[in-house]
Amino acid sequence: MKLRDFANFTFPKKLPAAYGGGWMLVTPRADMRVLKRGWGPSAKDLMLVTDGVVRPGMVVWDIGANQGILSALAASKVGPEGAVYALEADPFYANLVFRSSMRLSGGYQPINVLCAAISETSGVLDFGSSNKGHARNQIASFGEADAFEAVKFVPALSGDDLLATWRAPDFIKMDVEGAELSALAGCDKILSEVRPVFYIEVADRNSAAATDLFHRYDYEIFQLTGDGGEKRTE
């Protein structure tokens, strides 16, 4: 039996005081680092991005929310005029984010959770649960068949389709484990008209194409540095 087989549990973890001090639910099955003290090991970059970008009144989209750490951080910052939306394809993690939102109160905005994947077009996709930890869950066609412990059908929407029901975003965090080119291909209106700030993880194999895509929409591209600064990339 693998170590991760013993990690299929959830527990409440207290957010830092700078992010409201509320309790959200996490699981080591998604990221073993949540077992460590504090949030630095599992969420340093997300805290840096939240501090640098998220302001009162903003609308934040968390695409590929997983256990919803970015959603919870943003919910502490956007205030009553802002909004937070989380898109997560795995029903277990979508429910985990919803349950965290129900636990958070006071200064937190509700997290609006939708259980679906993002893609170039709307439809139904195969979604794989990674056998290397659920932070690596992904659309099955973008991974290797032997990398999944289970594959399930999930609904998929394009980013532009989401504009029909979600408020237009000021900031999008996107972490879709290799499916970012497909996701971005369905975001033409978002990229050309809404023009939010993106914080996006890009697989090495997609780096050049993603860079070209953002340049076509006249975006400037920066890399987050360890102190929360930005380093411009070409």
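Q: Let's start with strand pairing: in strand 11, which residue is the bridge partner of Phe 171?

A: Happy to begin there! In this predicted model, the partner of Phe 171 in strand 11 is Val 197. As a general idea, strands of a sheet pair through backbone hydrogen bonds, either parallel or antiparallel. Here, strand 10 and strand 11 (residues 197-200) are paired in the parallel sense, over four bridges.

Q: What pairs with strand 10 in the parallel sense besides that, and what stands opposite Met 174?

A: Strand 3 (residues 59-63) also pairs with strand 10 in the parallel sense, again over four bridges. Opposite Met 174 of strand 10 you will find Ile 63.

Q: Which way do the side chains of strand 10 point, and are they buried or exposed?

A: The general idea first: in a regular strand the side chains alternate between the two faces of the sheet. In strand 10 (residues 171-174), Phe 171 and Lys 173 point one way, while Ile 172 and Met 174 point the other way. All four of these residues are buried.

Q: How do I read the whole sheet, and what is the order of its strands?

A: Follow the pairing from strand to strand. The open sheet has five strands in the order 5-4-3-10-11, with parallel pairing. Its edges are strand 5 (111-115) and strand 11, each of which pairs on one side only. From one strand to the next, the twist averages 15°.

Q: Over how many bridges do strand 3 and strand 4 pair?

A: They pair over five bridges, in the parallel sense. One pair to look for is Val 59 with its bridge partner in strand 4, Ala 83. Helix 3 packs on this sheet and touches strand 4 and strand 5. The direction of helix 3 makes about 165° with that of strand 5.

Q: Helix 3 brings me to Ser 101. Why does Ser 101 count as buried?

A: Compare its accessibility with the cut-off: a residue is buried when its relative accessible area is under 20%. Ser 101 counts as buried because its relative accessibility is 12%. You will find Ser 101 in helix 3 (residues 91-103). Its side chain reaches the backbone nitrogen of Ile 111 at 2.9 Å. Leaving out residues up to four places away in sequence, Ser 101 touches Pro 110 and Ile 111.

Q: And why does Lys 189 count as partly exposed?

A: Use the cut-offs again: exposed means over 50%, and partly exposed falls between the buried and exposed ranges. At 40% relative accessibility, Lys 189 therefore counts as partly exposed. Lys 189 sits in helix 6 (residues 188-194). Beyond its neighbours within four places in sequence, Lys 189 is in contact with Asp 160, Leu 163 and Val 194. Lys 189 and Asp 161 are 28 residues apart in sequence, with 9.6 Å between their C-alpha atoms.

Q: Which residues of the largest nonpolar core touch the most other members?

A: Look for Leu 15, Trp 39 and Val 60, in a core of 29 residues. Strand 2 (23-26), helix 1 (40-53), helix 2 (69-75) and strand 4 (83-88) each supply at least two of its residues. Helix 2 gives the most, with six residues. Among the residues that Leu 15 touches are Met 24, Trp 39, Leu 73 and Tyr 108. Another core, of 26 residues, lies apart from that one and includes Val 59, Trp 166, Ile 190 and Tyr 217.

Q: Stepping back, how many helices and strands does the protein chain have?

A: The chain has seven helices and 13 strands. Of its 234 residues, 49% count as buried.

Definitions and conventions: Residues are numbered from 1 along each chain as its sequence is written. This is a predicted model: local features need pLDDT of at least 70, side-chain atom pairs count only at pLDDT 80 or more; totals for chains, interfaces and linings use all residues. Side-chain values use heavy atoms; hydrogens and water are left out. Buried means under 20% relative accessible area, exposed over 50%, partly exposed in between (1.4 Å probe, protein chains only). A nonpolar core is a set of buried Ala, Val, Leu, Ile, Met, Phe, Trp, Tyr and Cys residues joined through side-chain atoms within 4.5 Å. Contact means heavy atoms within 4.5 Å. Two strands pair if DSSP finds at least two bridges between them. A polar contact is a pair of N or O atoms within 3.5 Å; within protein, one must be able to donate a hydrogen and the other to accept it, and residues adjacent in sequence count only if both atoms are side-chain atoms. Axes are lines fitted to C-alpha atoms, for helices over the stretch in contact, and angles run from 0 to 180 degrees between N-to-C directions.
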